[in-house]
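Q: Could you take a careful look at one part of this structure, beginning with enclosed space and then working outward through whatever surrounds it? A connected account would serve better than a list.

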Amino acid sequence: MKNNITKSSIDFIPKIKTHVKKLNVSNFRNHKKLQLSFSDKDILLYGFNGVGKTNILEAVSFLTSGRGLRKAKIKDLNFIDFKNKIDCKYPWSINSDIVTPEGKFNIGTGINIKNCSRVIKIENETSKQSDLSRIVKISWITPQMLLIFQSSMQEKRRFIDRLINMINPIHVNILHKYEKLIRERSKIISDFNENHIWLEAIEKEIIKLSIEIIKNRNDFVLKMNDQFLNVNLNNRYFPCIKVQIRGEAEKLFNDSGSEKYSKEVLRIMQYNKKCKNLSFPGPHKSDINIYRISDQKEIKYSSTGEQKIILISFILRHCDLMQVIYRQPPILLLDDIIEHLDEKHTMALFKKTSIYNAQCWFTSTNPKIFKNYPSLYEPINVGDIKIKDLQGNELKYA
C-alpha cells in the first residue's frame, strides 16, 4: 500500500514536545505521596504559600543531574512529620515518565538511606547522573537566583558553570577535580612535604584541568553572546546582554595559547611556593561581568526589577542555545516569577513560553494572572491535590 502522506501534510505534523507525562512523589519535602499525570501543555501550580508548589518543581528538577533547583543535600529532602514531631521512616523517591523527541523514558531517583547517596534508575536499570542529562535537560528561574548579581564572584562563577554543565555535562566534574587538586596541593605545601615529584605532578594536572575549564567557559561565552546578537526575543522587554569572563589566567591563555600558558603558570606556582605562597593564576579567580548591550551598564548597578528581567532574558537565551545544540530545549521551571512583573513583561514572557517546544512549569499564588495566557495550559491547585494511597505501599524510585 502506498504511503499517501504528501509533502504539504508532513509540514503540519506536530513536533514532539518534551514534557513530564507522569510524576509520582513519595516522602519528598512536605509531600507524603503525590501521583500526577499531565499532557504536554504548560503547567500552572497555584495555591497559598506553604502548600508545596516549589517542592513539586524541585522534584521535577531532580529528574536530571545535579542537586536540584535549591542545591539541597540529599538527606534534607526527606518528609518530616512536623505535626507529630517525628522524621518519616521512609526514604524519599521520585518516579516519572518523560516524553522526548527520542521517545518515552521512565526515570526513578531517590535516596539510599544506608549511605545518604542518590540512587538513579532509568527504565528500571541503575544509572549515573550523567545518563539523566542525555535524556532530558531541565532549567529554572527562582527568586533566589536574583541574588546572583549581588553575590560573591565565586557564586557568579558557579552560576555560569552550572549553565555550561547543562551543555557540557562533564564540565562540573572537571571543576571538582580541579578544586580537589588545589586543596591537595595546599595541604602538601602547608605540611612541608618534600615530595617534589608528586607535587609537580599535581601542579601539572591542575594546569591541564584549568585549560579545559577556560576553554569551556570561552566557548560558552562566545555562543551565548552570539545568541544575543541573533535576536528572536522581543528585546524591547528582554534586553540583549553581553557576558565577559576576565582574569589573569584568561588573559595569559588567550594571549599566549596552551603551551606558553602551561609553562608560565607552572613557573609562577614554583616561584610562589618558595615563599610558602599558595596562590597562582587560574579559573578559580576569574571575574564574571554581565553588561546590557544598549548602554554598557553592568548588571550589578541595575535595579532589582531590571535584574529580574535580565535574569529571565539570560535563561531564555540559554534555553535557545540548548535548542540549537541539542535540537531540544530544556523543560523550564519558573518559580514565583510572574507576580512581580508588570503586564507588558508578563505578556512578553507568556508569548515566549506559549510557543516554546518543551513544557513550562509556573508557580503562582494568583491564577488570575494567567487568564490571558496565549495557549492552553493545565492549572493545578496544589492545596486540593487528592493524595492516592496505593494500598498503603510506598512509591519506589523504579
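A: The structure holds one cavity of 30 Å³ or more, and what follows is read from a predicted model. The volume of the largest cavity comes to about 90 Å³. Its lining consists of I148, F149, K156, F159, I160, I288, N289, I290, E298, I299 and K300. Two elements, helix 4 and strand 12, each give two or more residues to this lining. Sorted by class, the lining of the largest cavity has seven nonpolar residues, one polar residue and three charged residues.

From the cavity one can go outward along strand 12 or along helix 4, and the strand is taken up here before the helix. Strand 12 covers residues 287-292 and pairs with strand 13 in the antiparallel sense, over two bridges. Across this pairing, R292 stands opposite K297 in strand 13. Both strands belong to an open sheet of three strands, whose order is 11-12-13 and whose pairing is antiparallel. Strand 11 (241-246) and strand 13 (297-298) each have a single partner strand, so they stand at the edges and one side of each is left without a neighbour in the sheet.

The other direction leads to helix 4, which spans residues 153-167 and whose axis comes within 10 Å of the axis of helix 6 (residues 196-229), the two crossing at roughly 85 degrees. Angles from 65 to 115 degrees count as roughly perpendicular, and helix 4 and helix 6 are therefore roughly perpendicular to each other. On the side of helix 4, the residues that meet helix 6 are R157, I160, D161, L163, I164 and I167, while helix 6 brings N216, R217 and F220 to the contact. By class, this contact has five nonpolar, one polar and three charged residues. I160 links two parts of the account, since this residue appears in the lining of the largest cavity and also in the contact of helix 4 with helix 6.

Helix 6 in turn packs against helix 7 (residues 248-256) at an angle of about 85 degrees, with the axes 11 Å apart. Helix 6 and helix 7 are therefore roughly perpendicular to each other as well. Here helix 6 contributes I211, I214, K215, R217 and N218, and these meet A249, E250, F253 and N254 in helix 7. The residues of this second contact divide into four nonpolar, two polar and three charged. R217 is named in the contact of helix 6 with helix 4 and is named again where helix 6 meets helix 7.

Helix 4 also takes part in open space. The largest pocket has a volume of about 1,400 Å³. Of the 43 residues that line the largest pocket, the closest to its centre are R67, K71, R158, R162 and V172. Helix 4 provides the largest share of that lining, nine residues. Helix 3 (129-135), strand 10 (138-141) and helix 5 (171-190), like helix 4, each supply at least two residues. The lining of the largest pocket divides into 14 nonpolar, 15 polar and 14 charged residues.

To complete the view, there is also an open sheet of six strands, in the order 2-1-6-7-8-9 and with antiparallel pairing. Its edge strands are strand 2 (31-37) and strand 9, each of which pairs on one side only. Helix 2 (residues 53-61) packs on this sheet, where it touches strand 1 (19-28), strand 2 and strand 6 (93-100), and its direction makes about 110 degrees with that of strand 1.

Within the six-stranded sheet, strand 7 (residues 103-112) and strand 8 (residues 117-122) run antiparallel and are joined by six bridges. In strand 8, I122 stands opposite I107, and R118 stands opposite I111. The hairpin of strand 7 and strand 8 has four residues between the strands, and C116 there takes a positive phi near 55 degrees. Strand 8 then pairs with strand 9 (residues 125-126), again in the antiparallel sense, over two bridges. In strand 9, E125 is the bridge partner of I122. These two strands form a hairpin with two residues between them, and in the turn E123 has a positive phi of about 50 degrees.

Methods
Residues are numbered from 1 along each chain as its sequence is written. This is a predicted model: local features need pLDDT of at least 70, side-chain atom pairs count only at pLDDT 80 or more; totals for chains, interfaces and linings use all residues. Side-chain values use heavy atoms; hydrogens and water are left out. Axes are lines fitted to C-alpha atoms, for helices over the stretch in contact, and angles run from 0 to 180 degrees between N-to-C directions. Angles under 35 degrees count as roughly parallel, over 145 as roughly antiparallel, 65 to 115 as roughly perpendicular and the rest as oblique. Contact means heavy atoms within 4.5 Å. Ala, Val, Leu, Ile, Met, Phe, Trp, Tyr, Cys and Pro count as nonpolar, Asp, Glu, Lys and Arg as charged, and the others, Gly among them, as polar. On a 1 Å grid over the protein atoms alone, a cavity is a set of points where a 1.4 Å probe fits but cannot get out, and a pocket is an open set with protein on both sides within 12 Å along at least five of seven lines; lining residues have an atom within 4 Å of a point. Grid points are joined across faces, edges and corners, and a volume is the space filled by probe spheres set on the points. Two strands pair if DSSP finds at least two bridges between them.
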